[in-house]
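Visitor: I would like to learn how to read a structure like this one, feature by feature. Could we go from strand pairing through to the contacts between chains?

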2 protein chains.
Amino acid sequence: MINEYYKGLTNKKSQIREMYMYGLKRKKEIGEENVFDYSLGNPSVDAPKEFNDSIKRLLDTTKSLELHGYSPNLGNDHMRECVAQSLKRRFNLPYTKDCIFPSSGAAGALAHAIRAVTTPGDEVITFAPYFPEYNHYVGGTGAILKVVPADTKTFQINFDEFEKLITEKTMAVLINTPNNPSGVVYNTECIKRLAQILLESEAKYSHPIYLISDEPYREIVFKGVDNPCVSSFYDNTLMCYSFSKSLSIPGERIGYVAVNPKCPDHKLLVEIMAQISRGIGHNCPTSLIQLATADCIDLTSDLAVYETNMNILYDKLVSLGFEVVRPGGTFYIFPKCLEEDSQHFCEVAKSLDLLLVPSDTFGVKGYFRIAYCVTTDFVKRSLPKFEELARLYNK
Amino acid sequence: MINEYYKGLTNKKSQIREMYMYGLKRKKEIGEENVFDYSLGNPSVDAPKEFNDSIKRLLDTTKSLELHGYSPNLGNDHMRECVAQSLKRRFNLPYTKDCIFPSSGAAGALAHAIRAVTTPGDEVITFAPYFPEYNHYVGGTGAILKVVPADTKTFQINFDEFEKLITEKTMAVLINTPNNPSGVVYNTECIKRLAQILLESEAKYSHPIYLISDEPYREIVFKGVDNPCVSSFYDNTLMCYSFSKSLSIPGERIGYVAVNPKCPDHKLLVEIMAQISRGIGHNCPTSLIQLATADCIDLTSDLAVYETNMNILYDKLVSLGFEVVRPGGTFYIFPKCLEEDSQHFCEVAKSLDLLLVPSDTFGVKGYFRIAYCVTTDFVKRSLPKFEELARLYNK
């Protein structure tokens, strides 16, 4: 019979996507320049020239059967080696290619990592605010997602609430730093304490608890921000990475899981992820894109615009009386609404052609997300809209 | 806990892959030209020049954010439209883009199609000989694969045995034509009878039974062979296609599911497949490859070598006394061994540096597969090895 679980999902549309679709329609009505669409987390800067050049060079210099042929189940060896060497240089951990599993972006990395370390019925803990697709990555495996309420003062981890949720069934903890939607980077103190609690819980329950660290915004961290490498603090860490944001290539579906080399089961976990890929028929990321990404392993797009935009928006929001935590990275900021109902607040903003995403979808009430992956000119032109919005609440 | 189902799979190595790995090792020992490796079904002709040219043109003429940006969940609209129009032209069925779901090759297409139309515990029927990865595509969904024994006289469908296996729990039937490993193309009479039985069974059990038709070898059909379009005969057909063989790009992971436009649920099934992709974090095939494939939608590599190779091998095998059904397509031939034990027979061949795959892995005993996706020179040079092998059994 038609699968009812997935049929049910077809009716649950993403709120982010719906706002974006509304924006496309509205732009046709009143002109592109008059709609301030801050809904979608799509990079706004070009891929580095070297990425396209590398693809062309591969096409010109590699034999067709080799270039376009099957990758091994575990991914292209050269790609895995390049990722391992890069991580080793940067984070001073002894990564080898046996730790690396190339994936379809961070999404594929997360879904594989979660499936590898859980059995249906197991519990996975994450922290609000969180990326709503986590519900699907966890739900698809049959594991249960439990959400720790947000510490809205800092958007660091709310440890008291976290400790209450850990049980014998907790097999994985899922964090996202730098964080979508808050823009906050978990600081060294936060990661240290998290690692300590996980170690104690592993001892208490006598089984591993894997830390799945979702890090697609790792290269977008602002000046002076404490940005610890999560894997350095906890051996059983599965780092999930994507080149979508760093190289501005989200459609090319490329990322990886890097299992901490100090995790006793790192090789087995990578082999298990290859079996998961085999079962869903995905097998591997595209050969051409694996090789081109390997060529650009330490490059990024010009990401400076995101910090510029953040500073302008943060200052303006503060001056208008918004409560807001200053982002340490990403291209998101997550202010408190000027009323309790974030859905209604975003409807009011929408009536001004300012498209924001209500926070409910991220597991927090009363906030909204601005995705400032746009041009700085766009940000500046949008400021009167924020003023207008604030005025409506400060009559 | 570490997922035991997938952990178990890491120990079940593919026999095809193991033979291939042995071949690589052996070539280093005695020289590449002295090992006759017929194990792997990898295309042996280059991708058409137009495919690489299209990628370069896309890189030169499309804006980075558009080219490398996210595809919609359902896949790139242009790609879907091109596939639909091509199928409409060729098979005279009213395909629209709503019928098309771009996938990671036929593997992704099959895994998604099976998951969309089954619930754990449902039964899926397939026919020996069959591609061993079907076990994983079905097993991963929680459905149960039931295998109809082969009709070894013709390698068409064994209908008497098929009818015995249909039950109330049968939700899908999975066929592969042209067939890997037999090389046989199911003829019009066979497809008509299959459709008739499925219609009667749908009526009897009052639920749809979907026909999942695995067709990656559709463009490799030899002169004069009856090659019916399966979808024309049965409305509830999900055609699973790959460009891996037709364009010689297996590593680029691109194919599609085309749900028959006459299937009442075609639009819903495509939307369900997008939700399945979302859950595993795969989302979509690579944007660049979707677009380049759309440009080459009606092209193929120069596939003539496969028929040339088939004719040489078939004639030689017959002259040596092998029982063998003449392939109608693909790049496989599936002769009967000269002893009952196909594992042992292939070990004997291996001792002559002739690498064949025993049939057990395909659900049939006593046969072997030759994958003749090699140069014609290679085939000719290998003939003395087949003579030597036959001599060992005809002393």
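**Reading strands, domains and chains**

Visitor: Which residue of S4(A) does A:Ile125 stand opposite?

Guide: A:Ile125 stands opposite A:Lys146 in S4(A), and please keep in mind throughout that this is a predicted model. As a general idea, strands of a sheet pair through backbone hydrogen bonds, either parallel or antiparallel. Here strand S3 (residues 123–127) of chain A pairs with strand S4 (residues 144–148) of chain A in the parallel sense, over five bridges. Between them the chain passes from S3(A) through H7(A) to S4(A), a β-α-β crossover that is right-handed.

Visitor: In which order do the strands S9, S11 and S12 of chain A lie in their sheet?

Guide: That open sheet of three strands in chain A has the order S9-S12-S11, and its pairing is antiparallel. S9 and strand S11 (357–358) of chain A are at the edges with a single partner strand each, so each has one side that is left without a neighbour in the sheet.

Visitor: How many bridges join S12 of chain A to S11(A), and how many join S12(A) to S9(A)?

Guide: Two bridges join S11(A) to strand S12 (residues 368–371) of chain A, and A:Pro358 is the residue that stands opposite A:Phe368 in S12(A). On the S9(A) side, two bridges again link S9(A) and S12(A) in the antiparallel sense, with A:Ile333 opposite A:Ile370.

Visitor: Are the residues A:Phe368, A:Arg369, A:Ile370 and A:Ala371 of S12(A) buried or exposed, and which way do they point?

Guide: A:Phe368 and A:Ile370 point one way from S12(A), while A:Arg369 and A:Ala371 point the other way, and all of these are buried. The burial therefore includes a charged residue, A:Arg369, since Arg counts as charged. In chain B, three strands likewise form an open sheet in the order S9-S12-S11 with antiparallel pairing, and there S9(B) pairs with strand S12 (residues 368–371) of chain B over two bridges, B:Tyr332 standing opposite B:Ala371.

Visitor: Into which domains is chain A divided, and how many residues does each bring to the contact?

Guide: Chain A is divided into domain 1, made of 4–47 and 302–393, and domain 2, made of 49–295. Their centres, taken over C-alpha atoms, are 26 Å apart, and the contact takes 26 residues from domain 1 of chain A and 29 residues from domain 2 of chain A. On the side of domain 1 of chain A that touches domain 2, helix H12 (304–319) and strand S9 (332–333) of chain A each supply at least two residues, and the largest share, three residues, comes from H12(A). By class, this side of domain 1 has 14 nonpolar, nine polar and three charged residues.

Visitor: Why is helix H11 of chain B described as largely enclosed?

Guide: Eight of the nine residues of H11(B), residues 287–295, are buried, so the helix is largely enclosed by the rest of the structure. Among the buried residues are B:Leu288, B:Ile289, B:Gln290 and B:Leu291. Those buried residues pack against helix H3 (49–61), helix H4 (64–67), helix H5 (77–91) and strand S2 (100–103) of chain B.

Visitor: What turn lays chain A on chain B, and how many residues does each chain give to the contact?

Guide: A turn of 180°, with a shift of 0.0 Å along the axis, lays chain A on chain B with an RMSD of 0.0 Å, which is the relation of a two-fold axis. The same surface serves both copies, as 100% of the contact residues of chain A recur in chain B. The size of an interface is often given as the accessible area lost when the parts come together. Counted in residues instead, the contact takes 60 from chain A and 60 from chain B. Among the elements giving two or more residues to the side of chain A that touches chain B are H1(A), H10(A) and H11(A), while the largest share, seven residues, comes from H6(A). The residues of that side divide into 24 nonpolar, 25 polar and eleven charged.

Technical notes
Residues numbered from 1 in each chain as written. Chains lettered and ligands numbered in written order. Predicted model: local features only at pLDDT ≥ 70, side-chain atom pairs only at ≥ 80, totals over all residues. Least-squares fit on C-alpha atoms with pLDDT ≥ 70 in both. Contact = placed C-beta atoms within 7 Å. Buried ≥ 20, exposed ≤ 12 C-beta atoms within 10 Å, placed from the backbone. Helix = DSSP H or I, 4+ residues; strand = E, 2+ residues; numbered from the N terminus. Pairing = 2+ DSSP bridges. Domains from an automatic or database assignment. Right-handed = clockwise from strand over helix to strand, strands pointing away.
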